[in-house]
Amino acid sequence: MEPTGEKESIAEASKEVSREFRTLINGDDLDNLKQLQHLILGRLQDSNAVLTHFNDYSENCFTEVSGDFYKNTRLLKSMKSDLDYIFLRLRTMKSKISAVYPDAFTDESAKQVEDRRPDLEAPMEP
């Protein structure tokens with residue numbers, strides 16, 4: 001064990017170091033920092049509450065419209081396949097008419113038209 005005198009000298013040295021640290025820091029500055037931290041904490045809590053409310057609202061809205069999105073997507077895909085079939089039939093009819101009546105269509109209409117529509121089913125590139 002340490003002698004009592006040594007413990008007292010360590011305690012005195014600790015008190016002296018504490019006093020020196022207190023003189024380095026201004027109490028008003030610390031109070032000002034605490035106020036600013038509480039202000040920032042309040043603002044962050046308010047922002048968090050607003051974002052939580054918005055997320056809940058967005059989730060409810062998505063739940064309401066997700067069924068409609070699914071139905072409309074199915075409808076659009078069905079319409080696309082129907083239109084593809086119609087255009088295939090039109091091309092077939094046009095080729096049959098052109099075979100029977102070569103002068104039925106002008107040279108401009110016989111050209112293959114490049115399909116410039118985007119492929120909506122292909123994955124998007126970033």
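Helices in what follows are DSSP runs of H or I with at least four residues, and strands are runs of E with at least two, both numbered from the N terminus. With that settled, the model on the screen, which is a predicted one, has three helices and zero strands in its protein chain, and read from the N terminus the order of elements is simply α-α-α.

Let me begin with the overall form. The radius of gyration of the protein chain is 40 Å, well over the 14 Å that the globule rule gives for 126 residues, so the chain is more spread out than a compact globule. Along the principal axes, the C-alpha atoms fill a box of roughly 120 × 35 × 30 Å. How much of the protein chain is made up of buried residues? The share of buried residues comes to 0% of the 126, where buried means a relative accessible area under 20%. The accessible surface is about 12,500 Å², and carbon and sulfur atoms account for 59% of that surface.

Next, the annotation. In an unreviewed entry, UniProt lists residues 21–105 as "domain: KxDL". In the model, that span is 92% helix and 0% strand, and the C-alpha atoms at its two ends lie 98 Å apart.

I would now like to walk along the chain by way of three residues. Ile-25 sits in the loop between helix H1, residues 4–24, and helix H2. Is Ile-25 buried or exposed? The answer is in between, since Ile-25 has a relative accessible area of 45% and is therefore partly exposed. Ile-25 is 30 residues from Asn-55 in sequence, and the two C-alpha atoms are 43 Å apart in space.

Moving into helix H2, we come to Leu-30, which at 41% relative accessibility also counts as partly exposed, because the partly exposed class runs between 20% and 50%. From Leu-30 back to Arg-19 is eleven residues along the chain, with 16 Å between their C-alpha atoms.

Further along, Ser-98 belongs to helix H2 as well, a helix that covers residues 27–100. Ser-98 has a relative accessible area of 31%, so this serine is partly exposed. Its C-alpha atom is separated by 47 Å from that of Ser-66, and the two serines are 32 residues apart along the chain.

Finally, a word on the second largest pocket, which holds about 220 Å³ of space. Which residues line the second largest pocket? Its lining consists of Asn-72, Thr-73, Leu-76, Lys-77, Lys-80, Leu-83 and Asp-84, together with Arg-117, Leu-120 and Glu-121. Sorted by class, that lining has five charged, three nonpolar and two polar residues.

To close, I would come back to the picture we started from, a predicted model of three helices and zero strands, with a C-alpha box of roughly 120 × 35 × 30 Å.

Notes. Residues are numbered from 1 along each chain as its sequence is written. This is a predicted model: local features need pLDDT of at least 70, side-chain atom pairs count only at pLDDT 80 or more; totals for chains, interfaces and linings use all residues. Side-chain values use heavy atoms; hydrogens and water are left out. UniProt positions are given in the numbering used here, feature names are shortened, and annotations may be inferred rather than shown by experiment. On a 1 Å grid over the protein atoms alone, a cavity is a set of points where a 1.4 Å probe fits but cannot get out, and a pocket is an open set with protein on both sides within 12 Å along at least five of seven lines; lining residues have an atom within 4 Å of a point. Grid points are joined across faces, edges and corners, and a volume is the space filled by probe spheres set on the points. Ala, Val, Leu, Ile, Met, Phe, Trp, Tyr, Cys and Pro count as nonpolar, Asp, Glu, Lys and Arg as charged, and the others, Gly among them, as polar. Buried means under 20% relative accessible area, exposed over 50%, partly exposed in between (1.4 Å probe, protein chains only). The radius of gyration is taken over C-alpha atoms; the globule rule is 2.2 Å times the number of residues to the power 0.38. Accessible areas come from the Shrake-Rupley method with a 1.4 Å probe; for residues, only the protein chains shown count as cover.
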